[in-house]
Amino acid sequence: PQCRGPCTPCQGHGTCDDGAAGSGACQCDAGYKGRDCELECPGGAASPCSGNGECVLRLGASADAVALCLCPPAWFGDACQTAVPEPQDVCHHWPFTNSLFPTRTPGSPVLFFDAAGDTPS
């Protein structure tokens with residue numbers, strides 16, 4: 001099998017595995033997706049999904065493949081480029097689990113202790 005693509009296998013954005021034991025598939029460089037590595041991830045190849053999410057390949061409305069970003073809960077936008085603002089009325093808790101130090105919950109602010117080390121300030 002051989003990799004497909006006009007003139008340059010894998011569109012110049014990957015390597016072609018077309019040896020004797022090869023699959024004929026493109027192994028795309030970071031920031032590119034698609035059968036022939038023809039789709040650049042949102043955020044650009046240098047920083048796919050702005051470094052905050054995962055670039056995946058999905059079928060679009062016209063059944064063509066598109067590269068999309070899956071953003072973690074703290075980020076949003078086409079390229080996961082915008083941080084979700086933390087609500088001001090959220091109450092954070094610091095559970096102590098068999099330790100002298102509290103376990104941070106996601107989004108919890110940093111605690112500072114006084115010199116004695118026993119009173120949050």
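Guide: Welcome! A residue counts as buried when its relative accessible area is under 20%, and as exposed when that area is over 50%, with partly exposed in between. Keep in mind that the model you see above is a predicted one.

Visitor: Thank you! What share of the residues in this chain is buried?

Guide: The chain has 121 residues, and buried ones make up 21% of them. As for the surface, the chain has an accessible area of about 8400 Å², and carbon and sulfur atoms hold 57% of that.

Visitor: Next, the backbone. How many helices and strands does the chain have?

Guide: There are eight strands and zero helices. Reading from the N terminus, the order of elements is therefore simply β-β-β-β-β-β-β-β.

Visitor: And how do I read contacts between parts of the chain that lie apart in sequence?

Guide: Take the contacts with a separation of 6 or more: residues 24 or more positions apart account for 17% of these.

Visitor: Which residues make up the largest nonpolar core?

Guide: The general idea comes first. In soluble globular proteins, nonpolar side chains tend to be buried together. Here, the largest nonpolar core has seven residues: Leu39, Cys41, Cys49, Cys55, Ala67, Cys69 and Cys80.

Visitor: Let me pick one of them. Which residues is Ala67 in contact with, leaving aside its neighbours within four places in sequence?

Guide: Ala67 touches Lys33, Leu39, Glu40, Cys41, Pro42, Cys55, Val56 and Leu57. Leu39, Cys41 and Cys55 from that list also appear in the core we just named.

Visitor: I keep seeing cysteines. How many disulfides are there?

Guide: The count comes to five disulfides. Let us walk through some of them, beginning with the link between Cys41 and Cys55, whose sulfur atoms are 2.1 Å apart. The torsion about this S-S bond is about -95°, so the disulfide is left-handed. Cys41 sits in the loop between β4 (39–40) and β5 (54–59), while Cys55 is in strand β5, so the pair ties together parts 14 residues apart in sequence.

Visitor: Are Cys41 and Cys55 buried or exposed?

Guide: Cys41 is buried, because its relative accessible area of 3% falls under the 20% cut-off. Cys55 is buried as well, with a value of 11%.

Visitor: What does Cys49 pair with?

Guide: Cys49 forms a disulfide with Cys69, and the sulfur atoms are 2.1 Å apart. This link is left-handed, with -95° about the S-S bond. Cys49 lies in the loop between β4 and β5, and Cys69 belongs to strand β6 (residues 65–70), so parts 20 residues apart in sequence are tied together. Both Cys49 and Cys69 are buried.

Visitor: Cys80 was in the core too. Which residue does a disulfide join to Cys80?

Guide: The partner is Cys71, with an S to S distance of 2.1 Å. The torsion about the bond is about -95°, so this disulfide is left-handed. The two ends can be read one at a time: Cys80 is buried, with a relative accessible area of 0%, whereas Cys71 is partly exposed at 31%.

Visitor: One last stop, please. Where does Glu86 lie?

Guide: Glu86 is in the segment after β8 (82–83). Its relative accessible area is 39%, and a value between 20% and 50% is why Glu86 is called partly exposed. The C-alpha atoms of Glu86 and Ala74 are separated by 8.8 Å, and these residues are 12 apart along the chain.

Key: Residues numbered from 1 in each chain as written. Predicted model: local features only at pLDDT ≥ 70, side-chain atom pairs only at ≥ 80, totals over all residues. Heavy atoms only, no water. Core = buried A, V, L, I, M, F, W, Y, C linked by side-chain atoms within 4.5 Å. Buried < 20%, exposed > 50% of the residue type's maximum accessible area, 1.4 Å probe, protein only. Contact = heavy atoms within 4.5 Å. Helix = DSSP H or I, 4+ residues; strand = E, 2+ residues; numbered from the N terminus. Areas by Shrake-Rupley, 256 points an atom, 1.4 Å probe, with all protein chains shown as cover. Disulfide = S-S within 2.5 Å.
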